Amino acid sequence: MSIAVRLTLWYALSAFTLIVVATGLLYWVLVNSMYQEDLRDLADNLNNALLLLPSSPTAPFEGLPEQRPSWAPPHQPEIYLRVLDAGAHTLTETPGMAQQLPPPTQPELAAITTSDGTKRDIVSPSGQPFLSLIVRIPGQSAAQQLRFMQVAMDREHDEYLLARYRERLWLVLAASLVLCSIGGYLIARRGMRPIEDIGRTAAHIRATTLHERIGTEGLPAELSGLAETFNEMLDRLEQSFRHVSQFSDDVAHELRTPINNLRGEIEVALGKPRSGEEYRDVLGSCLEECGRISRVIQTLLFLARSDTAIETLQREKVEIGKELRTVQNYYEAAAAEAGVELSVLPGETIHAEIDRTLFQQAVGNLISNSLAHTTTGGAVRLAARADHSRVTVSVDDTGCGIPAEHLPRVFERFYRIDQVRRSSAQNAGLGLAVVKSIATRHGGHVEIDSEVGHGTEVRLILPAST
Amino acid sequence: MKILIVEDERKTASYLKRGLEENGFIADVAEDGEDGAYLAQTRSYDLIILDVMLPGQDGWSIIADLRRRQIATPVLFLTARDAVDDRVKGLELGADDYLVKPFAFAELLARTKTILRRGPVRQSQVLNVLDLELDLHRHRAVRAGRSLDLTPKEFQLLSLLLRRTGEVLSRTLIAEQVWDINFDSDSNVVEVHMRRLRAKVDEPFACKLIHTVRGVGYVLEQRS
C-alpha cells in the first residue's frame, strides 16, 4: 500500500472517530437534558395539582387538566392526572387516561412510602411513551384515607424530535466521512509532493547530468536532510565518475604511446629489406615496448583490484629491518651509480604481519622515487620504528623536494609534478599510487613531508598485526 | 620431451609451439577444451601448458578430470586473471605452476625447464665456462687465472648465470633469485648490477661471456 493511501486512511479514520465520539456525546447530553426537563415539568404539574387537591376525597377536584384542546401547540406535551386510594381504585382522573395508562396495581402503590414520588417510564398499550410520577399525598393519617396522586406526560413528541435529530446525525456523519477522506487524501498528497519531487529529480540524473542537484529550498526539515544526503551521494558519484574518466584518459594515453612506438618501428622495419642484425635490433626494441605495456597493465590492474579490495593479502611475519636491508641491497648498485648514499639507519628489531612482496614493492617504489630526485652527493635513508601497534617506515632523501601545492596530490594515479610526460617507463606516475594502495590494503596510510631544495620524507605507516 | 599446449588463441598457440620446438621440445596444440582434455587423457605428455579460459571445457575442469583419473602429468597454467584466489585454485587443483598473461617467453621456458627437471639436480661445486671458473664452496671466482674481486651479491649473480649457462634469465627471475626481491620492479636496477658485474668479469677480457637479450634478460654463454 502506498504511503499516500495509508496516510489518507489514517487521517480519515482518526478524524471520523473524533466526529462520531463528539456527536454521540452531544446526542447523549441532549437526550438527558430533555428527560430532565420533562421530569421537572412533571414535578411542577404535580405540585400545582396537590395545592388544588381538596382535603375530602369525594369533593370535586378542580386541578384536573382537561383533554388537550385542539389548538394547543404541538410542543406542549399532554399531562394526565389521576388520584388513587390505597386499594388502587381510581378516585378521579383526566378523561381518557384509563385507555392510555392503566392504573398502577396495589403492590406498586404499597411500595411507595415516601412523599418524594416514584418516577417510571411506561409504554401505553397503543405504544406511546409516557413518563409517570406517583406520590403519596401528604397530610393524611388514617390508613383508609391514604391517597396517591399520579401525573403522567406523553413523551411522544420528544421521541419524535430525537428521531428527527438522529436522522440528521446520520447524514452529517456520512457527509463527514466523505469529507474526512477527501481532506485526508489532499493532506497526504500535499505532504508527499516534496518526496515525489526528489524522486523525479533523481530519476532523470544521468551520467551526462551528474552535476544536477536536488533543490533543498522550501523542503520540510525531515526531507531536507534526505535531499542533502542524496546530494552528497551525487557529489561522491560525480567525483568518482570524473576520476574514472580521467583515469581512462590516462590509461589510453599511457598505452597509446608505446603502442604507437611499436607500430611505427615495425612499419619502418618492414619498409625495406634489412640485415638480420637490424631486424634483431627492431625486435628487441619492440619487446622492450611490450614489457612497458605489460607493466602498465599489471600496475593498473593491481590498483583497480585494490580499489575493489577483492584480493586478500598474503600476510606473514616479517622482520622489518631485514626486509629494508634486502631492498637496500637491491638498489645499492643503482644508488652508487647515481652517487647517492643509500643506507638503513640502525634501529630496534621490529616484527610485523604484512604481505612481504607488497612491502618490498612499496619500499622499492619509494627508494626508486627518491633516487630519481636526488642528485650526486645526496643521501637516501631508510628507517623503521614501532610505536604502540604501528610500524612506521620512513624513506628520507636530500633531493630536490616537492612544492607544497603538489603534496596533497602526489599519491594520485598518473599525477606528475612536471606535467611534461617523461618517456621512460619508470615514470608512468603510478609508483606512489601503488605505495598508497599497498598501505591502504594493509589498513595503514602514507604521509609525506617535503621542503623544496632540502628533501622529502615519506612515511609508510602500517598496523603491526591484523 | 613432449608438451601439449591447450590454448584457443591461435597466435599464442603458434608462437608457443614454435618457441618450444626451437628449444628442443615436441609440442602438440589443442585449440579447445574438449580436444585438450581428450589428448591429455589419451596420449602421454611430459607437460601440459593449459589456458584457463577455453571454449568447451575450461582449464580447471580439465585438470580436475586428469587428477581424478590419476593422470599426474605436470600442468603449467596460463591465465589472464592473476587474482590470488585464481592462482590458489589452480594450484589446489594440482597444477605445478602458473603464468599470468602477458608473460615473457623466456619466463615460460625457464619454468618449463624447472618443472621438467624433476627433483634436485646434483650441482657440482665448481662451475666453469671457457676460462671462467667459479668455486661455490670456497666462494672464489677466477678468470684466465686471475682472481676476480666480487661482492657476495655479485658472486651469487654470477653463479646463477653460470648454473644456467645458455639460458636467458629474465630480470624478474634474477631479482628473485639473487636479491629475494619478489615484486616486478620496473626500474633498471638489475641492469646496473649487471653492468657492474660485467665490468669485473668481461671488460678486462677479450672474449665476452655475459650477453644482453634485449627486452628479455641476460644470458651467459660462450659465443664464437
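1. Let me start with burial in chain A of this predicted model. Of the 466 residues in chain A, 23% are buried. Chain A contains nine helices and 12 strands. If you look at its contacts between residues at least 6 apart in sequence, 65% of them join residues at least 24 apart.

2. Helix 4 of chain A (residues 156–203) deserves a look. With 48 residues at 1.5 Å a residue, this helix should span 70 Å, and its end C-alpha atoms are 68 Å apart, which agrees. There is a bend along the way: helix 4 of chain A turns by about 35° at A:R193, with the proline A:P194 following within four residues. A:P194 is also one of the buried residues of this helix, alongside A:C180, A:G184 and A:A188. These buried residues pack against helix 1 (3–52) and helix 5 (221–271) of chain A.

3. Next, the contact between the chains. Chain A puts in 29 residues and chain B 21 residues. On the side of chain A that touches chain B, helix 6 (276–308), helix 7 (320–338) and helix 8 (356–372) each supply at least two residues. Helix 6 of chain A gives the most, with 10 residues. By class, that side of chain A has nine nonpolar, 15 polar and five charged residues.

4. On to the nonpolar cores. The largest has 67 residues, and those touching the most other members are A:Y331, A:A362, A:V363, A:I367, A:V435, A:L460 and B:L158. Helix 7 of chain A provides the largest share of this core, eight residues. For a local view, try A:I367: leaving out residues up to four places away in sequence, A:I367 touches A:V327, A:Y331, A:L342, A:V380 and A:V395. Another core, of 27 residues, lies apart from the largest one, and its members include B:A40, B:I48, B:W60 and B:F77.

5. B:W60 brings us to helix 3 of chain B (residues 59–68), where B:G59, B:W60, B:I62, B:I63 and B:L66 are buried. Which side of the helix do they occupy? They share the same side of helix 3 of chain B, because they cover an arc of only 160° around the axis. As background, an α-helix has 3.6 residues a turn, so residues three or four places apart point the same way.

6. Two helices of chain B are followed by a positive phi. Helix 1 of chain B (residues 10–22) has 13 residues and reaches 18 Å from first C-alpha to last, close to the 18 Å expected at 1.5 Å a residue. Just after this helix, B:G24 has a positive phi of about 90°. After helix 3 of chain B comes B:Q70, with a positive phi near 65°.

7. Some backbone details in the loops of chain B are worth a check on your screen. Most residues other than glycine have a negative phi, and most peptide bonds are trans. The bond from B:K101 to B:P102, however, is cis, with omega near -5°. B:P102 sits in the loop between strand 5 (97–100) and helix 5 (105–117) of chain B.

8. Finally, B:L130 is not a glycine, yet its phi is positive, about 50°. B:L130 belongs to the loop between strand 6 (126–129) and strand 7 (132–135) of chain B. It counts as exposed because it has 12 C-beta neighbours inside 10 Å. B:H139, also a residue other than glycine, has a positive phi near 55°. B:H139 is found in the loop between strand 7 and strand 8 (140–143) of chain B, and it is exposed, with 12 other C-beta atoms within 10 Å.

How values were computed. Residues numbered from 1 in each chain as written. Chains lettered and ligands numbered in written order. Predicted model: local features only at pLDDT ≥ 70, side-chain atom pairs only at ≥ 80, totals over all residues. Expected span 1.5 Å × (residues − 1). Contact = placed C-beta atoms within 7 Å. Nonpolar A, V, L, I, M, F, W, Y, C, P; charged D, E, K, R; others polar. Buried ≥ 20, exposed ≤ 12 C-beta atoms within 10 Å, placed from the backbone. Arc of directions from axis to C-beta. Bend = angle between axes of the 7 residues up to and from the residue. Core = buried A, V, L, I, M, F, W, Y, C linked by C-beta atoms within 7 Å.
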